[in-house]
Amino acid sequence: SSGINAEWPLRPGLQQNWEDAMEELERLKDNISSALHLSYSEILIQRAWLIHWGLFVYFNHPQGRDSIIDVFLHQKPYLNAIQTMCPHILRYITTAVVISKRRGTVIKELIKVLQQETYKDPITEFVESLYVNFDFDEAQAKLKECTTVIENDFFIVGCLEEFTENARLIISEIFCRIHQRIEIDMLADNLNMEPAEAEKWVVNMIRLAHLDAKIDSKNGYVVMGGTQVPVYQKLIDKTKDLHLKANSCCQKIDKRLTLGI
């Protein structure tokens with residue numbers, strides 16, 4: 001057969017031997033890369049199979065979420081396979097980024113990929129609502145939808161609590177970075193928390209995100225110091241992204257006109 005057995009990593013995975021499953025997955029990746037007898041389209045299909053089988057392993061292996069970022073987002077052959085054949089995998093890349101400790105170093109790359117694609121779901125839209133639109137009301141609504149999506153997704157149902165915690169952390173961190181003074185009651189509404197719970201949450205968030213901020217418990221405010229990201233810089237970054245997106249749309253229109261579509 002000209003194909004490659006993409007079920008290999010599933011076998012040890014079914015026995016919950018995730019180390020062996022990860023090794024088999026890496027071996028399969030190498031076999032696909034060295035399969036010179038396969039055409040480009042056949043290799044694309046094999047990579048698509050590996051991506052889908054790999055989800056089962058990656059979301060169960062202790063370091064699997066980082067592997068999703070390293071393979072699916074950073075390795076061009078696999079990102080190309082996702083964009084060409086299975087853009088719904090962006091849901092899982094986005095989930096991995098949200099819950100990753102490396103989020104700050106990879107989020108811009110993820111946003112660029114998301115903005116190039118037409119695929120959308122509540123998880124990808126949650127990230128875009130914050131990092132592209134800075135729309136906290138939309139983010140709050142999307143986070144509620146994310147709960148339903150994750151609860152009904154076999155691969156990421158086990159990540160629900162971790163995703164929710166990190167999503168709230170992202171909301172509060174961005175909110176604090178673009179405001180000089182924030183009412184704790186308002187922040188509590190954005191996080192779907194009681195004010196007392198939100199205040200404790202913010203204290204922890206300030207510590208984890210290394211923000212220059214303090215809590216004014218008497219007046220019910222979070223007061224930011226001088227390290228917040230200026231609003232104008234956010235607007236500049238957003239304008240750059242819109243410019244890239246506009247150029248991409250123009251190129252697609254030109255191509256369709258050239259082909260007479």
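**Exercise 1. Is aspartate 70 buried, partly exposed or exposed, and what is its relative accessible area?**

Step 1. This is a predicted model, and the values below are computed from it. Aspartate 70 has a relative accessible area of 32%.

Step 2. Apply the cut-offs: buried is under 20%, exposed is over 50%, and partly exposed is in between. Aspartate 70 is therefore partly exposed.

**Exercise 2. Find the salt-bridge partner of aspartate 70 and place both residues.**

Step 1. The partner is arginine 102. The closest N and O atoms are 2.9 Å apart.

Step 2. Aspartate 70 sits in helix H4, while arginine 102 belongs to the loop between helix H6 (90-99) and helix H7 (103-116). The two are 32 residues apart in sequence, so the pair ties those parts together.

Step 3. Arginine 102 is partly exposed, at 25% relative accessible area.

Step 4. Look for shared partners. Asp66, Asp70 and Arg102 are joined into one network by salt bridges that share partners.

**Exercise 3. Contrast the salt bridge of glutamate 26 and lysine 29 with that of glutamate 162 and arginine 65.**

Step 1. Start with the principle. Side chains of opposite charge can pair when their charged atoms come close.

Step 2. Take the distances, N to O. Glutamate 26 and lysine 29 meet at 3.6 Å. Glutamate 162 and arginine 65 meet at 3.1 Å.

Step 3. Locate the second pair. Glutamate 162 is in helix H10 (residues 160-177) and arginine 65 is in helix H4 (residues 64-73). They are 97 residues apart, and the pair links distant parts of the chain.

Step 4. Locate the first pair. Glutamate 26 and lysine 29 both lie in helix H2 (residues 18-33). Three residues separate their positions, about one turn of the helix.

Step 5. Check accessibility. Glutamate 26 is partly exposed at 33%. Lysine 29 has 9% relative accessibility and counts as buried. Glutamate 162 is partly exposed, with a relative accessible area of 33%.

Step 6. Put the pairs in context. The whole structure holds ten salt bridges.

**Exercise 4. Describe the setting of serine 67 in helix H4.**

Step 1. Serine 67 has a relative accessible area of 17%. The cut-off for buried is under 20%, and serine 67 is buried.

Step 2. List the contacts, leaving aside neighbours within four places in sequence. Serine 67 is in contact with Met22, Tyr58 and Phe72.

**Exercise 5. Which residues make the nonpolar surface patch of about 310 Å², and what lies at the next position after methionine 85?**

Step 1. The patch is made by Ile45, Trp49 and Met85.

Step 2. Methionine 85 is in helix H5 (residues 76-85). Its relative accessible area is 39%, which is partly exposed.

Step 3. Cysteine 86 is in the loop between H5 and H6. At 1% relative accessibility, cysteine 86 counts as buried.

Step 4. Find what surrounds cysteine 86. Not counting residues up to four places away in sequence, cysteine 86 touches Ala48, Ile51, His52 and Ala81.

Step 5. Take isoleucine 51 from that list. Cysteine 86 and isoleucine 51 are 35 residues apart in sequence, with 9.0 Å between their C-alpha atoms.

**Exercise 6. Work out the strand order of the sheet and its pairing.**

Step 1. Three strands form an open sheet in the order S1-S3-S2, with antiparallel pairing. Strand S1 (181-183) and strand S2 (213-216) are the edge strands, and each pairs on one side only. From one strand to the next, the twist averages 20°.

Step 2. Recall how strands join. Strands of a sheet pair through backbone hydrogen bonds, either parallel or antiparallel.

Step 3. Take S1 with strand S3 (residues 221-224). They pair over three bridges. The bridge partner of isoleucine 182 is valine 222. Glutamate 183 stands opposite tyrosine 221.

Step 4. Take S2 with S3. Four bridges join them. Alanine 213 has methionine 224 as its bridge partner.

Step 5. Inspect the hairpin of S2 and S3. Four residues lie between the strands, and glycine 220 takes a positive phi near 75°.

Step 6. Add the helix. Helix H12 (residues 195-209) lies across S2 and S3, at about 165° to S2.

**Exercise 7. Which residue has a positive phi of about 50° although it is not a glycine?**

Step 1. The residue is phenylalanine 134.

Step 2. Phenylalanine 134 is in the loop between helix H8 (122-131) and helix H9 (136-151).

Note on methods. Residues are numbered from 1 along each chain as its sequence is written. This is a predicted model: local features need pLDDT of at least 70, side-chain atom pairs count only at pLDDT 80 or more; totals for chains, interfaces and linings use all residues. Side-chain values use heavy atoms; hydrogens and water are left out. A salt bridge is a side-chain nitrogen of Lys or Arg within 4 Å of a carboxyl oxygen of Asp or Glu. Buried means under 20% relative accessible area, exposed over 50%, partly exposed in between (1.4 Å probe, protein chains only). Patches are made of residues with over 30% relative accessible area and no salt bridge: like charges are joined within 9 Å, nonpolar side chains (Val, Leu, Ile, Met, Phe, Trp, Tyr) within 5 Å. Accessible areas come from the Shrake-Rupley method with a 1.4 Å probe; for residues, only the protein chains shown count as cover. Contact means heavy atoms within 4.5 Å. Two strands pair if DSSP finds at least two bridges between them. Axes are lines fitted to C-alpha atoms, for helices over the stretch in contact, and angles run from 0 to 180 degrees between N-to-C directions.
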